[in-house]
Amino acid sequence: MQKVTKLRVRETEAQTELMALVKHPMDAVWLHQEGTGQQVSEDYIVKMSFELNDEVVAEAMLGPGVASDPLTGISLKDAKPGDRVKVSWIDIRGEQGSAETIIK
Amino acid sequence: MKRRTLLKGALALTAGSGLLGPIPSLALPETMEVFTATSEAQVLKTLFGEARPIPDGAVRIEAPIQAMQGKPVPVKVSCVLDHVSMIAIVTANNRYPLNTYVKLIKAGGYYSTRIRMEQSSMVTAYVMANGDLFSAAMHIKVNRGGYGMHYE
């Protein structure tokens, strides 16, 4: 499955919210019923970093306790139009993904 | 005969290259310990050390009061505190209670995510701000089956 990353900026009166959506199964062995004989391998995102103008502003640590296709949101302090924001993630298999956008 | 040997060869090759076998995982050692902790107290001790959580109105947790089993539960944590350094979301009745946590380096005190819940449970948000630990909790009911008829 293609692990697509999307990044969106949502402006409200109170804050600038940065939302990252990754298409990812977030799978772990213990989530599946034992004895079904299903071949399951661990596959979940362990870390997601948010950057504002190449500077890390937040690091989210994820695990199988987060539902599949994680939608993660943080709020930015003093973000201005024209600023570059980026999200990058790494999963337990070492696969990586990132997306970036510019604040309008 | 030729076709048979070819097939066998192809099968052996796929198995040998590890495509069918388990894939070795490379977890970050620092997060592995806390994500496999089996009690809420253990999670708190690993993440925040000796700090005692204080229930505080400054922390707000937003989530539905009930959810369908196997469906993601959206959780939003926001707070009006300054200098927030970490936010953690913990589901007490999950096998591994810690859902996720975020280290805020230069971001506001806000975190939103979608968590997995195995059964009805208290969901607690822990917020580290200025070296103090604050918390807010709510109970989320997980319904087995549809239409909210079968409550646990």
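## A salt bridge within chain A

A:Glu95 is partly exposed, its relative accessible area being 35%. Its partner in a salt bridge is A:Lys3, with 3.0 Å between N and O. In this predicted model, the two residues come from distant parts of the chain, 92 residues apart. A:Glu95 sits in the loop between β6 (84–91) and β7 (96–102) of chain A, and A:Lys3 in the segment before β1 (5–11).

A:Lys3 has a relative accessible area of 15%. Because buried means under 20% relative accessible area, A:Lys3 counts as buried. The value of 35% for A:Glu95 falls in the partly exposed range, since that range lies between under 20% and over 50%. Salt bridges with shared partners connect A:Lys3 and A:Glu95 with A:Asp43, A:Asp91 and A:Arg93 in one network.

## A salt bridge between the chains

Which residue of chain A pairs with B:Lys106 in a salt bridge? The partner is A:Glu55, and the closest N and O atoms are 3.1 Å apart. This pair crosses between chains. B:Lys106 belongs to the loop between β6 (98–104) and β7 (107–115) of chain B, while A:Glu55 is in strand β4 (residues 55–62) of chain A.

Relative accessible area is 45% for B:Lys106, which is partly exposed. A:Glu55 is also partly exposed, at 38%.

## Loops of chain B

Within chain B, B:Glu118 and B:Arg95 form a salt bridge through their side chains, at 3.7 Å from N to O. This pair, too, links distant parts of the chain, with the two positions 23 residues apart in sequence. B:Glu118 is located in the loop between β7 and β8 (121–129), and B:Arg95 in the loop between β5 (84–91) and β6. B:Glu118 is partly exposed at 26% relative accessibility, and B:Arg95 is partly exposed at 39%. Over all chains, the count of salt bridges comes to 13.

B:Ser120 is placed in the loop between β7 and β8 of chain B. Is B:Ser120 buried or exposed? With a relative accessible area of 12%, B:Ser120 is buried. The side chain of B:Ser120 reaches the backbone nitrogen of B:Val142 at 2.9 Å.

## Chain B as a whole

Chain B contains three helices and nine strands. Along the sequence the helices are followed by the strands, in the pattern α-α-α-β-β-β-β-β-β-β-β-β. Of its 152 residues, 39% count as buried.

Contacts in chain B between residues at least 6 apart in sequence include 59% that join residues at least 24 apart. The exposed area of chain B is about 8,600 Å², and carbon and sulfur atoms supply 59% of that area.

## Nonpolar cores

In soluble globular proteins, nonpolar side chains tend to be buried together. Here the largest nonpolar core has 51 residues. Which residues have the most contacts inside this core? They are A:Met48, A:Phe50 and A:Ile74.

Leaving aside residues up to four places away in sequence, A:Ile74 touches A:Thr16, A:Glu17, A:Leu18, A:Phe50, A:Val57 and A:Ala58 in chain A. In chain B, A:Ile74 touches B:Val102, B:Ala107, B:Tyr110 and B:Tyr111. Another core, of 16 residues, lies apart from the largest one and includes B:Ala37, B:Met86, B:Leu98 and B:Tyr101.

Notes. Residues are numbered from 1 along each chain as its sequence is written. Chains are lettered from A and ligands numbered from 1 in the order in which they are written. This is a predicted model: local features need pLDDT of at least 70, side-chain atom pairs count only at pLDDT 80 or more; totals for chains, interfaces and linings use all residues. Side-chain values use heavy atoms; hydrogens and water are left out. A salt bridge is a side-chain nitrogen of Lys or Arg within 4 Å of a carboxyl oxygen of Asp or Glu. Helices (H or I, at least four residues) and strands (E, at least two) are DSSP runs, numbered from the N terminus. Buried means under 20% relative accessible area, exposed over 50%, partly exposed in between (1.4 Å probe, protein chains only). A polar contact is a pair of N or O atoms within 3.5 Å; within protein, one must be able to donate a hydrogen and the other to accept it, and residues adjacent in sequence count only if both atoms are side-chain atoms. Contact means heavy atoms within 4.5 Å. Accessible areas come from the Shrake-Rupley method with a 1.4 Å probe; for residues, only the protein chains shown count as cover. A nonpolar core is a set of buried Ala, Val, Leu, Ile, Met, Phe, Trp, Tyr and Cys residues joined through side-chain atoms within 4.5 Å.
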